[in-house]
Amino acid sequence: MVETMPPLLSSGLRFVVAGGALAGWLLVRRGRAALRMTRRELLGAVIVGILLVLGGNGLVSVGENAGVPSGLAALLIASEPMLVILLRFLFRDRVPRGTLIGVVVGFLGVAVLLLPGAPTGATAIGIATVLLAAAMWATGSFSMTKLPTARDPLASTAMQMLCGGVAMFAVGLAAGEAGQVHVSKFSLDSVLAFAYLVVIGSLVAFSAYTWLLRNVPISKVSTYAYVNPVIAVALGWAVYDESLSAIALAGAAIIVASVAAIVRLESAAEIEEEPPAPALVAQRARDPAA
């Protein structure tokens, strides 16, 4: 998309179109009550939408427009679960020691990935922008588990996309991207990519992600972060002839392995903390030896 379209304006428009389509569908199917929410819920949607849409997706578009290959961008974004763990630690959530060790190892992988001997063709500003996007996405994901949101996950998602998209569009205008809009120069590839991102990237994937954040422990939701890099590196190699050096691949392997270990440890900790099922409690009351 960003090959011939300004990154912030096109990304902002992508989410405004997707959010508007989802809101319109909800109005037709369920009426105005479907989009009704309190001021606190609306504020929560605005905050999460800006963090995820403008901070997460928008800055990735800017970073890739600054020369960061898609495979490398996905590897840098893979640090998001580690950043979520750090946020949990800072907010005094119970974090297993093994998980913290996994975070340290993961950031070592990021450091290896960015070593001078690991040529990636990316600029320092581009890499810094993508890492900031990962931090914003992690903050937005963590915030969604703490802030009040609308009961209907689709209504919450629509509002997040609309608010984040409008904010990103405004930032794009402030950054002077309006002068980069030359519709006659938009390539067919960019137009098709824009349509794909509206339907698959926003309406399908973003909605699924926000639903998962509401209904599934965040450590399980974060498993996407060690699937995406493998797919993105493979597609970058197959479609755009992107390549990574042996050092960069070693850093990638460390990141993916550490994230996998973190998710495994977190899942095990969640299982240990889950209360026993009522049927099991009743059985133990009848038979303490059980």
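Buried means under 20% relative accessible area, exposed means over 50%, and partly exposed lies in between (1.4 Å probe, protein chains only). The model is predicted: local features need pLDDT of at least 70, side-chain atom pairs count only at pLDDT 80 or more, and totals for chains, interfaces and linings use all residues. Residues are numbered from 1 along each chain as its sequence is written, and side-chain values use heavy atoms, with hydrogens and water left out.

**Exercise 1. Classify tryptophan 137 and phenylalanine 206, then describe their ring pair.**

Step 1. Tryptophan 137 has 12% relative accessibility, so it counts as buried. Phenylalanine 206 has 3%, so it is buried too.

Step 2. Rings of Phe, Tyr and Trp (its six-membered ring) pair if their centres lie within 6.5 Å; planes under 30 degrees apart are stacked, over 60 edge-to-face, and the rest tilted. The centres of tryptophan 137 and phenylalanine 206 are 6.3 Å apart and the planes stand at 70 degrees, so this pair is edge-to-face.

Step 3. Helices are DSSP runs (H or I, at least four residues), as are strands (E, at least two), numbered from the N terminus. Tryptophan 137 lies in helix H6 and phenylalanine 206 in helix H8, so the pair ties together parts 69 residues apart in sequence.

Step 4. Ring pairs link Phe15, Trp137, Phe206 and Tyr209 into a cluster.

**Exercise 2. Describe the pair of phenylalanine 91 and phenylalanine 142.**

Step 1. By the ring rule, the count comes to 4 aromatic pairs. The pair of phenylalanine 91 and phenylalanine 142 is tilted, at 5.3 Å centre to centre and 45 degrees between the planes.

Step 2. This pair links distant parts of the chain, 51 residues apart. Phenylalanine 91 sits in the loop between helix H4 (80–90) and helix H5 (97–113), and phenylalanine 142 in helix H6.

Step 3. Phenylalanine 91 has 56% relative accessibility, so it counts as exposed. Phenylalanine 142 has a relative accessible area of 6%, so it is buried.

**Exercise 3. Describe H4 and what follows.**

Step 1. In H4, 8 of the 11 residues are buried, and the helix is mostly covered. Among the buried residues are Glu80, Met82, Leu87 and Arg88.

Step 2. After H4 comes arginine 92, with a positive phi near 65 degrees.

**Exercise 4. Map the largest pocket.**

Step 1. On a 1 Å grid over the protein atoms alone, a pocket is an open set of points with protein on both sides within 12 Å along at least five of seven lines; lining residues have an atom within 4 Å of a point. A volume is the space filled by probe spheres set on the points, which are joined across faces, edges and corners.

Step 2. The volume of the largest pocket is about 1700 Å³. Its lining has 43 residues, and Val60, Glu64, Ser70, Tyr196 and Leu197 are the closest to its centre.

Step 3. H8 gives the largest share of this lining, 12 residues.

**Exercise 5. Locate valine 2 and glutamate 41, and list their contacts.**

Step 1. Valine 2 is in the segment before H1. Its relative accessible area is 19%, so valine 2 is buried.

Step 2. Contact means heavy atoms within 4.5 Å. Leaving aside neighbours within four places in sequence, valine 2 is in contact with Pro7, Ser61 and Asn65.

Step 3. Glutamate 41 is in helix H2. It is buried at 16% relative accessible area. With neighbours within four places in sequence left aside, glutamate 41 is in contact with Pro148, Thr149 and Ala150.

Technical notes: 1 Å grid on protein atoms, 1.4 Å probe; cavity = no way out; pocket = protein on both sides within 12 Å on 5 of 7 lines; lining within 4 Å.
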